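Work through these exercises with the coordinates open. Try each task before reading its solution.

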Amino acid sequence: MEAVNLLSSNKYTEKQIGYLFISVLVNSNSELIRLINNAIKNDLASRNPTFMCLALHCIANVGSREMGEAFAADIPRILVAGDSMDSVKQSAALCLLRLYKASPDLVPMGEWTARVVHLLNDQHMGVVTAAVSLITCLCKKNPDDFKTCVSLAVSRLSRIVSSASTDLQDYTYYFVPAPWLSVKLLRLLQCYPPPEDAAVKGRLVECLETVLNKAQEPPKSKKVQHSNAKNAILFETISLIIHYDSEPNLLVRACNQLGQFLQHRETNLRYLALESMCTLASSEFSHEAVKTHIDTVINALKTERDVSVRQRAADLLYAMCDRSNAKQIVSEMLRYLETADYAIREEIVLKVAILAEKYAVDYSWYVDTILNLIRIAGDYVSEEVWYRVLQIVTNRDDVQGYAAKTVFEALQAPACHENMVKVGGYILGEFGNLIAGDPRSSPPVQFSLLHSKFHLCSVATRALLLSTYIKFINLFPETKATIQGVLRAGSQLRNADVELQQRAVEYLTLSSVASTDVLATVLEEMPPFPERESSILAKLKRKKGPGAGSALDDGRRDASSNDINGGVEPTPSTVSTPSPSADLLGLRAAPPPAAPPAPAGAGNLLVDVFSDGPTAQPSLGPTPEQAFLSPGPEDIGPPIPEADELLNKFVCKNNGVLFENQLLQIGVKSEFRQNLGRMYLFYGNKTSVQFQNFSPTVVHPGDLQTQLAVQTKRVAAQVDGGAQVQQVLNIECLRDFLTPPLLSVRFRYGGAPQSLTLKLPVTINKFFQPTEMAAQDFFQRWKQLSLPLQEAQKIFKANHPMDAEVTKAKLLGFGSALLDNVDPNPENFVGAGIIQTKALQVGCLLRLEPNAQAQMYRLTLRTSKEPVSRHLCELLAQQF
């Protein structure tokens with residue numbers, strides 16, 4: 001009470017002690033808070049700058065919701081008032097920032113928002129510094145309200161950068177003019193894309209060049225504070241250059257500047273240089289410049305004392321790798337793996353596995369690399385890595401014999417890691433017949449080699465080996481008696497583990513009662529695995545966690561890769577908009593089947609042997625608190641203006657970022673087989689504030705409900721800041737449809753309701769099954785579909801460069817099979833397929849005729865159903 005009484009004093013010292021006591025010791029729920037608020041209100045209205053500053057400091061220090069509610073409307077008025085003193089404006093800006101961070105919903109946006117931007121022109125540098133902090137925070141939620149700040153920030157930055165250290169004497173720190181303000185301005189500019197005004201952009205580029213030039217000048221002081229201030233501005237400048245990713249000259253200069261820091265004696269500078277270069281490596285403009293530093297980075301990997309710097313060096317090697325240097329980088333990372341810190345071994349293993357797969361032109365090198373990986377760091381080779389080897393070997397005939405021979409030799413080592421036994425068991429069970437002709441690797445030798453490891457292995461590995469043994473009985477009848485003896489042994493038939501016991505009993509019976517034909521059918525080779533995103537890449541993204549997007553997202557496609565290595569869909573680069581939702585398209589891996597898969601039709605057609613993504617459950621009704629956020633078709637808003645453009649990006653691909661703004665990122669990963677589909681939607685909260693009442697809903701406009709069935713799994717109603725949630729959709733095409741379903745996302749951010757309606761990337765071509773046919777069959781079918789309404793044709797101008805390989809990839813992505821040697825003109829593309837729906841099948845033939853000279857295309861589609869012809873023609877024409 002004494003402290004409250006001191007607030008009404010007119011003496012500065014007494015009032016200061018009262019405010020200090022209250023700021024530190026009074027609880028925000030105190031019964032005296034009303035008296036305190038009255039005293040603060042009196043001081044804010046007094047127009048005495050000293051008393052106003054004390055009151056503002058108290059509000060900021062207590063920062064309670066009650067104080068925010070009492071003063072949030074008054075402080076903006078004080079901030080933009082023409083007669084407020086500089087010290088009061090400075091305190092008001094920082095007080096408002098404190099309240100906004102604590103309770104964004106309490107700070108009302110209004111006419112003051114346009115006026116606060118003009119504080120960037122204020123004569124007082126302290127006011128400008130405080131205002132930049134406030135505007136940077138506000139514009140993250142309402143970027144459009146503050147976009148005029150870009151030109152003002154560039155103007156102010158230009159004046160600081162071009163000034164001499166004597167011009168800003170009170171704000172010069174060790175010969176560096178206004179370093180804190182410079183860094184804040186550069187960060188504010190990173191909230192927006194490059195300026196559209198050519199004059200503003202030119203001035204900004206000039207500023208950035210000046211900072212890079214000053215970095216080359218000899219230091220004006222040997223003190224560490226001088227270099228720290230200078231480097232802080234330099235690194236923030238480089239971050240802005242990377243964010244814009246549009247000035248090749250600046251990007252290369254930034255890369256060369258960072259290259260000088262790679263050998264700096266200061267550990268922190270080396271770390272920051274490596275981290276920034278990781279991001280630069282993913283830009284097409286600076287990738288080549290980054291590669292010139294490969295020897296320095298390899299040396300850092302070998303000689304650095306600090307483990308975190310070594311880890312950044314490994315990240316950079318991974319980011320700079322392409323087809324030209326893959327073998328060198330993989331071999332250096334393998335060599336480093338032998339002595340690497342245990343904390344980062346698994347990550348290095350994942351990176352080596354990804355690079356070996358992505359840049360393998362010679363797949364025997366890939367097999368050698370992965371087996372080497374298992375030999376050097378077997379304990380750190382996760383299941384995803386060896387699953388992926390099995391998938392690639394199974395899918396490529398040219399490497400199966402080599403893989404069998406290599407793994408057979410690797411199994412002969414006395415100390416053989418269990419992961420090697422798993423790989424050996426699977427590959428020899430499938431392809432052991434390819435090396436059985438050599439007496440040194442005859443069937444009995446292969447069996448005895450594998451069985452010598454059997455008793456030292458875990459239950460899961462022994463189960464896999466039992467499956468290999470039954471495969472051997474089918475491949476090599478001469479081993480039947482020996483293997484039956486092993487299966488008949490009491491240790492198997494009466495095994496304590498039910499899985500091993502069941503396998504032994506069933507395999508023994510199968511080998512005894514089944515005829516040779518039945519055995520050969522049941523135990524035939526595994527079919528090729530469907531191509532999908534590498535589960536190793538997904539695991540690495542998960543492991544890196546939030547904020548790792550720039551180094552890991554494969555936005556920069558190697559020009560010569562042509563998708564030959566697994567057809568991984570690239571995820572859009574997050575260089576321009578760093579996102580905490582880096583694991584946008586991650587799939588979690590699960591074991592492959594040790595026995596052949598069930599035939600199609602026996603359950604779910606979309607079982608992914610490399611992923612344990614949760615299966616979708618029928619959607620449940622919303623909880624009461626979610627009910628008001630669960631819209632029906634009649635009360636959702638129209639799709640956002642760019643919804644069609646976003647949808648078009650997914651017509652020929654299944655994975656990627658569907659939508660992104662300042663708050664939310666929505667990623668999609670989907671797969672379709674016949675008339676069924678499964679889609680994973682990933683919602684990433686890009687802010688530090690929790691989303692409340694988060695409710696994504698799929699809505700069927702018109703009569704789409706009768707054409708497309710979508711089952712959704714409910715997601716959590718809260719999404720923490722920086723977190724990501726996943727929603728699974730099961731989709732069934734009942735009959736042909738023309739409009740996609742809508743995705744309505746509603747949630748509360750900072751108390752304010754947010755809503756968004758998008759078109760879900762489910763188009764009729766997703767249910768396209770490619771059909772191979774000979775030229776004669778094609779022309780016969782083409783003539784049958786000759787009714788005028790069955791054909792749709794469109795002649796249109798090319799919107800993209802006319803590249804034959806890109807065109808081929810788009811047509812394959814669209815879903816049709818490409819038929820060679822059918823069209824008399826080899827420049828033309830001919831395709832065929834069947835749209836699979838539950839009710840009927842729609843046959844489809846297409847012909848695309850490019851005219852490179854006129855930069856035009858003619859697209860002709862013939863289907864057995866008129867609306868489908870027109871719709872497919874429209875969809876496909878927009879892709880070229």
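The exercises below go from the whole chain to single residues, and the model is a predicted one.

**Exercise 1. The whole chain**

Task: State how many helices and strands the chain has, and what share of its residues is buried.

Solution:
- Start with secondary structure. The chain holds 37 helices and 16 strands.
- Turn to burial. Of the 880 residues, 54% are buried.
- Look at the surface. About 38,600 Å² is exposed, and carbon and sulfur atoms supply 52% of that area.
- Finish with contacts. Take those between residues at least 6 apart in sequence: 70% of them join residues at least 24 apart.

**Exercise 2. An open sheet**

Task: Give the strand order of the open sheet of five strands, and name its edge strands.

Solution:
- Read the order across the sheet. It is 3-4-5-8-7, with antiparallel pairing.
- Find the strands that pair on one side only. These are strand 3 (655-660) and strand 7 (708-712), so they are the edges.
- Add the twist. From one strand to the next, it averages 25 degrees.

**Exercise 3. The partners of strand 8**

Task: Find how many bridges join strand 8 to strand 5, and how many join strand 8 to strand 7.

Solution:
- Take strand 5 (residues 676-685) with strand 8 (residues 724-733). Nine bridges join this antiparallel pair.
- Pick out residue pairs. Met679 has Leu729 of strand 8 as its bridge partner. Leu681 stands opposite Gln727 in strand 8.
- Move to strand 7 and strand 8. They also run antiparallel, and five bridges join them.
- Check one residue pair here. Ala709 faces Glu732 in strand 8.

**Exercise 4. Two packed helices**

Task: Classify the packing of helix 11 (residues 179-189) and helix 13 (residues 224-244): roughly parallel or roughly antiparallel?

Solution:
- Get the geometry. The helices pack at an angle of about 10 degrees, and their axes lie 9 Å apart.
- Apply the cut-off. Angles under 35 degrees count as roughly parallel.
- Conclude. Helix 11 and helix 13 are therefore roughly parallel to each other.
- List the contacts. On the helix 11 side are Pro179, Ser182, Val183, Leu186, Arg187 and Leu189. On the helix 13 side, the residues met include Ala229, Ala232, Ile233, Glu236 and Leu240.

**Exercise 5. Cysteines**

Task: Decide how many disulfides the structure has, and where the nearest cysteine sulfur to Cys191 is.

Solution:
- Search the whole structure. The count of disulfides is zero.
- Test Cys191. The nearest cysteine sulfur belongs to Cys139 and is 3.8 Å away.
- Apply the cut-off. A disulfide needs sulfur atoms within 2.5 Å, so Cys191 is in no disulfide.
- Check burial. Cys191 has 15% relative accessibility and counts as buried. Cys207 is buried too, with a relative accessible area of 4%.

**Exercise 6. Two buried polar residues**

Task: Place Gln257 and Ser695 in their elements, and say whether each is buried or exposed.

Solution:
- Locate Gln257. It lies in helix 14 (residues 248-261).
- Read its accessibility. At a relative accessible area of 3%, Gln257 is buried.
- Look for contacts beyond four places in sequence. Gln257 touches Leu212, Ala215, Gln216 and Leu234.
- Locate Ser695. It sits in strand 6 (residues 691-699).
- Read its accessibility. Ser695 has 5%, so it counts as buried.
- Compare sequence with space. Ser695 and Val745 are 50 residues apart along the chain, yet 5.8 Å separates their C-alpha atoms.

**Exercise 7. Positive phi in loops**

Task: Find the phi of Arg47 and of Gln674, and say which loop holds each residue.

Solution:
- Recall the background. Most residues other than glycine have a negative phi.
- Take Arg47. Its phi is near 65 degrees, a positive value. Arg47 lies in the loop between helix 3 (33-45) and helix 4 (49-62).
- Take Gln674. Its phi is near 55 degrees, also positive. The loop here runs between strand 4 (664-673) and strand 5.
- Add exposure. Arg47 counts as partly exposed at 41% relative accessibility. Gln674 is partly exposed at 35%.

Key. Residues are numbered from 1 along each chain as its sequence is written. This is a predicted model: local features need pLDDT of at least 70, side-chain atom pairs count only at pLDDT 80 or more; totals for chains, interfaces and linings use all residues. Side-chain values use heavy atoms; hydrogens and water are left out. Helices (H or I, at least four residues) and strands (E, at least two) are DSSP runs, numbered from the N terminus. Buried means under 20% relative accessible area, exposed over 50%, partly exposed in between (1.4 Å probe, protein chains only). Contact means heavy atoms within 4.5 Å. Accessible areas come from the Shrake-Rupley method with a 1.4 Å probe; for residues, only the protein chains shown count as cover. Two strands pair if DSSP finds at least two bridges between them. Axes are lines fitted to C-alpha atoms, for helices over the stretch in contact, and angles run from 0 to 180 degrees between N-to-C directions. Angles under 35 degrees count as roughly parallel, over 145 as roughly antiparallel, 65 to 115 as roughly perpendicular and the rest as oblique.
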